[in-house]
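Trainee: Please take a close look at one part of this protein, the second largest pocket.

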Amino acid sequence: MSSALAHYESFLVKNVSTISSLESSLRSITWILPGRFRDAELASEALSAVLNVTSMYHDTLLAKFIQSDPKYKSLIPPSPHTRYTRAWSDKNSQYKWIARTLQLIRFLELLVEMGLRRTVSRRSRWRGIVLLELVKAGLRLFLLRATKRPLLSPPIPEREIDPSSLPPESDTSSPTLAPSSPPSSLPSTPEHLKNNHVPLPIHPLFTPPPPTQSPLAVEDYLLPKALTTMSVKTPTMILHPLSSSKEWLAEVIYILRPLIYAIMLSRDRKSNRPLMTALALEFISRNFRRVPPRSASLERSEYALRDRDILWYLLRGSIWQSWTRPKLEAIAQATSNAPLIGLFSAFVKDWIPLIDEYYYYTAP
């Protein structure tokens with residue numbers, strides 16, 4: 001078993017570019033499957049979940065390979081998000097496994113809901129959803145307690161590997177395989193190159209033309225290469241710790257918001273109270289959180305992501321039923337016979353019922 005796993009790791013490293021392209025192509029297919037046949041949404045979500053879990057496993061193997069191979073030098077420096085999450089994963093094993101468990105639940109939650117909808121009653125399905133949200137909230141609170149810093153989404157490093165910067169296929173090996181032995185002797189010089197010591201003169205056609213513009217200023221050349229404060233900071237200190245009770249309260253409210261919304265929605269789906277409560281908690285958390293300085297690019301990007309996620313409320317509750325859905329249906333109906341745009345119309349018509357039926361398509 002270990003030998004088969006080691007050979008699979010070696011195959012992954014040698015074909016990382018092809019495998020990444022295959023994952024991307026299959027992930028695109030999952031967007032057009034719903035509506036094609038019966039239970040197409042279940043097949044689409046099952047394929048998406050398998051791809052996400054497999055990609056997370058591949059990321060783990062590639063990270064092991066990079067750490068074990070001194071020849072690997074990335075042409076693109078890792079992002080602050082990758083540096084921060086990888087540093088915490090290496091520093092705290094509990095953080096690593098809890099972050100992976102949280103991400104695994106997010107990959108599988110919609111598939112679990114689809115299975116529950118087909119096997120148990122509506123009340124039991126909502127109990128399962130509330131249980132999932134309770135587990136996720138507990139895991140996030142543990143990550144908050146371990147780091148004492150705002151949570152990032154996702155809490156694990158993302159894939160930022162340039163396939164062209166990996167060593168050649170003949171030189172690569174799996175982290176679990178023994179390294180191949182070096183060649184016994186260097187290749188001999190071909191006969192026709194042994195006496196080729198005198199360079200030929202350069203033909204005038206191959207000489208570079210004289211410069212037509214002034215050379216690049218030294219400052220313009222050096223500024224993009226200068227180190228920033230983010231580059232020299234310890235990775236775990238890229239995010240500043242929470243320093244006041246108000247900041248802690250903002251994070252706790254943000255973590256508990258999906259759980260409170262799911263509990264209220266399981267008890268009352270007809271009124272606006274669950275949606276209004278979730279929106280109120282969203283804005284209270286946003287008002288209590290600190291304003292990061294301009295140099296804190298990672299924290300600013302995380303808060304910007306949270307602000308953009310507020311747009312998902314257009315697909316929830318009474319806002320979706322009374323405002324967003326009628327407008328999407330009207331647009332889809334008006335453009336159904338238009339060339340090319342009609343494909344978008346059919347796509348919208350296939351996805352509208354899924355938003356009505358499943359919680360996790362638009363869950364916070």
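Mentor: A pocket is an open set of points on a 1 Å grid over the protein atoms alone, where a 1.4 Å probe fits and protein lies on both sides within 12 Å along at least five of seven lines; its lining residues have an atom within 4 Å of a point. The model is predicted, so local features need pLDDT (the predictor's confidence in each residue, from 0 to 100) of at least 70, side-chain atom pairs count only at 80 or more, and totals for chains, interfaces and linings use all residues. Numbering starts from 1 along each chain as its sequence is written, and side-chain values use heavy atoms, without hydrogens and water.

The second largest pocket has a volume, the space filled by probe spheres set on the joined points, of about 390 Å³. It is lined by 24 residues, and Tyr261, Leu265, Arg269, Arg316 and Gly317 are the closest to its centre. Helices here are DSSP runs (H or I) of at least four residues, numbered from the N terminus. H6, H9, H10, H12 (317-334) and H13 each give two or more residues to the lining. H12 has the largest share, with four.

By type, the lining holds 11 nonpolar residues (Ala, Val, Leu, Ile, Met, Phe, Trp, Tyr, Cys and Pro), seven charged (Asp, Glu, Lys and Arg) and six polar (the others, Gly among them).

As for confidence, the protein averages a pLDDT of 84, and 78% of its residues score at least 70. H6 (residues 122-147), one of the lining helices, has the highest mean pLDDT among the elements, 97.
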